[in-house]
Amino acid sequence: MKRLGRRLQQRDAPSTRGALARLLHAHPVASLIAGTTGAALVAALVGAAVGQALAGSASSGQRGRAPQAPRRPALASGRVDLGGLWGRVFAGRASAYESLGTAEAQADDVPANASVSKRANTIRVAGRTVALTIVANPPSGRDMAFRVAGLENPTIEVSRGAEVKIRFVNADSDSAHGWLLLDPVVQIGKTVHGPRAFAGAYAPMLGDPMPAGQPIEMISFHATRPGSYRYECPVPGHAAMGMQGAFVVSG
Ligand SMILES: [Cu+2]
């Protein structure tokens with residue numbers, strides 16, 4: 001997420017531990033992550049403590065200086081950038097990697113059987129099998145967005161019963177991202193949350209790039225129920241900053 005995390009950690013070091021605890025308590029998606037990746041979360045908490053110590057020692061040398069203006073407003077759901085922290089925690093855990101150039105090219109690839117409307121920012125993929133590449137935050141696009149077939153945070157439409165295979169790539173240089181498809185039933189702040197829409201409709205958190213490249217995960221699920229769903233990045237605050245879109249299963 002391009003340096004925001006480090007700045008927030010420096011700026012907000014005293015509140016890091018409390019804010020993290022409040023987030024995990026209040027944020028349903030964070031709780032979901034806590035339930036599914038307990039060991040990683042413990043690592044994140046340890047990382048938070050280390051980050052707090054580092055940020056504390058860094059800020060102690062800056063006493064008396066005017067506070068640095070953030071590049072974008074503070075996170076709506078808390079004052080800690082978990083993306084930057086989790087980027088480091090989840091680095092090296094992916095099952096595959098590819099170069100940034102390949103990830104950027106795939107972010108613009110139009111899949112088979114797809115029709116793309118740039119004006120409506122919609123991609124519709126016909127057929128019983130849908131293969132999509134979703135790239136989180138490629139540096140050539142705007143910050144905090146998913147890119148699919150050259151579109152940013154598009155509405156994705158598939159047919160009822162389709163088997164959806166997603167190749168999810170994190171193209172960010174310094175932040176974790178995931179992809180989660182939700183039933184939109186609960187609104188918290190600007191973000192709509194709900195239970196996972198379909199079993200398997202969740203790409204796990206991918207961290208910072210490794211020497212082998214940007215991390216990749218493959219997921220698949222069956223779009224069994226027609227309706228309008230919502231995809232988002234499960235890192236707290238990222239959906240509100242733009243990493244979300246609509247997913248429609250047509251009847
Ligand atoms: Cu994200």
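1. T122 belongs to strand β3, which covers residues 122-125 in this predicted model. With a relative accessible area of 15%, T122 falls under the 20% cut-off and is therefore classed as buried.

2. The side chain of T122 also has a polar partner in the backbone, since one of its polar atoms lies 3.0 Å from the backbone oxygen of A120. When residues up to four places away in sequence are set aside, T122 touches S115, V116 and S117, and it likewise touches L151, T155 and E157. A colleague inspecting T122 may wish to view these contacts together with the A120 oxygen.

3. M144 should be looked at for its backbone conformation, as this residue has a positive phi of about 65 degrees although it is not a glycine. M144 is placed in the loop that runs between β4 (129-136) and β5 (146-148). Is this loop residue buried or exposed? The relative accessible area of M144 is 1%, so M144 counts as buried.

4. N153 is another non-glycine residue with a positive phi, here of about 50 degrees. N153 sits in the loop between β6, residues 151-152, and β7, residues 155-159. Its relative accessibility is 10%, and N153 is therefore buried, given that the term applies under 20%.

5. For the backbone check, then, the residues to revisit include M144, with its phi of about 65 degrees, and N153, with its phi of about 50 degrees. M144 is in the loop between β4 and β5, whereas N153 is in the loop between β6 and β7.

Methods: Residues numbered from 1 in each chain as written. Predicted model: local features only at pLDDT ≥ 70, side-chain atom pairs only at ≥ 80, totals over all residues. Heavy atoms only, no water. Helix = DSSP H or I, 4+ residues; strand = E, 2+ residues; numbered from the N terminus. Buried < 20%, exposed > 50% of the residue type's maximum accessible area, 1.4 Å probe, protein only. Polar contact = N/O pair within 3.5 Å; in protein donor to acceptor, adjacent residues only side chain to side chain. Contact = heavy atoms within 4.5 Å.
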